[in-house]
Amino acid sequence: RVNQQRIPTYHSQSIAMLRSLVAACILVFLFGAIYAQPWDCRFALNYTQEQLLTSESARQSFIRQVLHWEGQFNTNGAGMNFPSGLTYDGHPLDYFTGNITGEPHLFSAPSKESLQVNVLTHVLAGTPHAYLFISDDPDQAKNITLQILENKISSYEGFNKLFPGFGGFFPWFTPNSTEPYMVPTNGWTNQVPSLDNGELIWALSALTYILNDINETQLAQRYQAQMDLMTKNAMLVFWQGFGRVRTVTLISNTSAQPSPAIYSQAPCSDPCYLDDPYEGELFVDWLTLFGNLTKDQIEDMWTLKLKKLQSVDYVTPEGNITCQRGWWFSAHEQWKYLALPYLDVPINRRVFENGERARTWNSYLNSIPGMYASVNDVAPIGQPIPTYVSATGIQEIAFENVTYYDVVTGYSAFPLLLINQSYGLAWYHMYLSGPRMQGPIGATEAINVTGTAISPLTTWDSKIPTVNAILGGVAHINREVLKLKGVYEDFYNRINDQWSKIFHKLEGEDLPFMLPSAQLPNDAMPFGPDFTLCQPPK
């Protein structure tokens with residue numbers, strides 16, 4: 001499988017040298033690390049909630065285990081395609097063994113790419129324990145990471161050459177092991193999303209900063225060129241006018257060079273435009289700071305967005321908690337906090353913290369064994385996953401109707417991890433301790449609250465926001481980028497202005513974060529609580 005790696009002809013000498021230096025560690029990466037005790041993947045049961053709340057050494061030990069096992073997903077054929085350097089959306093799991101089964105999801109998106117890029121950035125930055133996501137050896141981890149990034153940028157460059165009409169942005173795509181390494185997947189051959197690309201471009205921003213910092217200048221230049229192309233065409237591809245940014249743009253000719261004539265609004269139902277204060281805001285931030293919009297265009301865009309930035313109170317027996325109204329109040333909506341230094345702005349941080357108070361109080365008061373985030377649904381043994389559960393969250397503080405209350409997922413703890421690691425780990429630990437929530441590929445996608453069915457799947461969305469939050473996100477790196485480019489104050493003032501207009505008096509800041517009041521049942525899962533590959537020998 002090593003021989004299947006792509007070596008770009010225009011960069012063949014440097015990659016060939018790198019291959020000769022790291023061939024052995026790449027073999028380990030491709031086939032996965034071999035361990036004498038595979039049941040160690042059930043490590044959550046070796047820790048208690050009290051240890052994670054009170055012992056720093058226990059937390060660091062737990063984190064090391066998380067990074068090691070979640071990294072088993074980041075291997076060739078599981079969560080990524082190594083020759084292309086690109087992610088797969090996810091991979092089905094065997095309901096009994098917990099191992100991957102069948103084919104991976106042969107598609108992915110810029111959002112999944114951003115999650116991987118963020119972790120790879122931490123590996124190169126030397127963030128404590130990050131290397132364990134790639135290898136147990138820090139030097140091997142760095143070399144493998146650089147090889148993935150070489151392959152990835154070559155795939156990006158190849159896509160841009162084949163499909164210049166996308167303007168440097170990426171649709172949902174299919175990764176391939178041979179050329180062409182990256183092509184639009186079905187349904188996305190002539191359209192492109194802004195939200196996912198907003199997540200990716202900030203990931204590339206942090207990565208490029210770190211590549212320059214560690215003197216990987218040639219690779220940094222290639223990623224900088226990718227960002228420059230996206231920046232150049234951002235307004236051209238996605239600007240609808242009158243402050244409106246398209247959520248999806250239709251492209252009449254993907255083989256043509258970017259021009260106004262080939263772009264239009266794709267058929268849509270609300271929301272058609274990026275007017276949300278959630279993860280979609282990341283693309284608006286990039287347009288604001290680097291998109292060459294006029295002052296009036298920027299003001300129009302943020303004025304339009306202000307309509308969905310609303311204050312709402314979550315009611316508890318101990319008093320109200322003032323927070324920002326969510327779309328569904330799914331944890332997925334807080335993705336932007338992984339990418340940009342919103343929490344530097346005091347009013348924004350206070351509102352964010354209150355939102356996570358409300359999230360923990362909601363599960364505590366309602367005896368929910370976990371918290372809510374959009375995720376793939378559970379399925380009985382032998383049945384396909386029926387749907388993707390988007391409409392899950394907290395109805396009392398949501399815009400939209402929340403229709404799913406019976407499925408919880410581990411990554412719902414990632415926003416809490418950003419502001420209170422011990423409590424975030426306590427919630428995550430409770431989830432991992434549930435039946436079949438840990439396997440040889442790390443955490444399982446989701447489980448129902450009765451503990452009788454799982455989502456036999458593992459994906460970037462359900463696993464890696466947690467890893468990124470544990471590592472601290474890349475907001476602190478992008479803070480340095482914003483300062484370097486002289487726009488940090490612009491970002492800070494914009495967010496401070498928006499949130500100060502809406503949030504005047506916050507209630508509930510004195511209330512504590514709550515711990516789980518219920519546990520996932522371990523005696524209800526058919527055929528036992530553990531995957532067979534995570535059981536110690538009898």
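Strands here are DSSP runs of E, at least two residues in length, numbered from the N terminus. With that in hand, we can start our walk through this predicted model at a short example: β5 covers residues 182–184, and V183 sits in it. Setting aside residues up to four places away in sequence, V183 touches F159, F163, F173, T174 and N176. If you want a sense of scale, pick out V408 as well: 225 residues separate V183 from V408 in sequence, and their C-alpha atoms are 33 Å apart in space.

Just ahead of this strand there is a backbone detail to look at. P180 belongs to the loop between β4 (173–175) and β5. The peptide bond that joins E179 and P180 is cis, with omega at about -10°.

Let us turn to the nonpolar interior. The largest nonpolar core has 139 residues, and those with the most contacts inside it are F62, Y156, W202, Y223 and L482. Helix α6 supplies the largest share of this core, with 9 residues. There is also a second, separate core of 11 residues, including Y314, C323, A358 and L511.

L482 is a good guide to the next stop, helix α14, which spans residues 475–484. Which residues of α14 are buried? They are A475, I477, N478, V481 and L482. These residues cover an arc of only 150° around the axis, which puts them on the same side of α14. The helices that the buried residues of α14 pack against are α4 (110–125), α6 (194–213), α8 (281–290) and α15 (488–502). For L482 itself, the contacts beyond four places in sequence are W202, L289, F290, L340, P341, V487, Y488 and F491. Just after the helix, G486 takes a positive phi of about 75°.

From α14 we can step across to α8 and see how α8 meets α7. Helix α7 runs over residues 217–238, and its axis and that of α8 come within 10 Å, crossing at roughly 100°. The two helices, α7 and α8, are therefore roughly perpendicular to each other. On the α7 side, M227, T231, A234, M235 and F238 take part, and they meet F283, W286, L287 and F290 of α8. By class, this contact of α7 with α8 has 8 nonpolar residues, 1 polar residue and no charged ones.

Continue along the chain from α8 and you reach N292, in the loop between α8 and α9 (295–305). N292 has a positive phi of about 60° although it is not a glycine. Is N292 buried or exposed? Its relative accessibility is 71%, so N292 counts as exposed. S367 offers another case of positive phi in a residue other than glycine, with a value near 50°. You will find S367 in the loop between α10 and β13 (375–376). With 45% relative accessibility, S367 counts as partly exposed.

Strand β12 makes another useful stop, and Q324 is found there. Q324 is buried, because its relative accessible area of 9% falls under the 20% cut-off. What is Q324 in contact with, leaving aside its neighbours within four places in sequence? The list is P277, Y278, L309, Q310, V312, F329, V351, W499 and F503. S264 is not on that list; Q324 and S264 are 60 residues apart in sequence and 32 Å apart from C-alpha to C-alpha.

In the loop between β12 (319–324) and α10 (346–365) lies S330. At 2% relative accessibility, S330 counts as buried. Not counting residues up to four places away in sequence, S330 touches R359, Y372, A373, S374, T392 and G393.

One of those partners, S374, leads us to the final stop. L457 and S374 are 83 residues apart in sequence, and their C-alpha atoms are 14 Å apart in space. L457 itself is placed in strand β20, residues 457–459. With a relative accessibility of 2%, L457 counts as buried. Beyond its neighbours within four places in sequence, L457 is in contact with H91, P92, L93, H105, N376, I385, T444 and E445.

How values were computed:
Residues numbered from 1 in each chain as written. Predicted model: local features only at pLDDT ≥ 70, side-chain atom pairs only at ≥ 80, totals over all residues. Heavy atoms only, no water. Buried < 20%, exposed > 50% of the residue type's maximum accessible area, 1.4 Å probe, protein only. Helix = DSSP H or I, 4+ residues; strand = E, 2+ residues; numbered from the N terminus. Arc of directions from axis to C-beta. Contact = heavy atoms within 4.5 Å. Core = buried A, V, L, I, M, F, W, Y, C linked by side-chain atoms within 4.5 Å. Axes fitted to C-alpha atoms, helices over the stretch in contact; angles between N-to-C directions. Parallel < 35°, antiparallel > 145°, perpendicular 65-115°, else oblique. Nonpolar A, V, L, I, M, F, W, Y, C, P; charged D, E, K, R; others polar.
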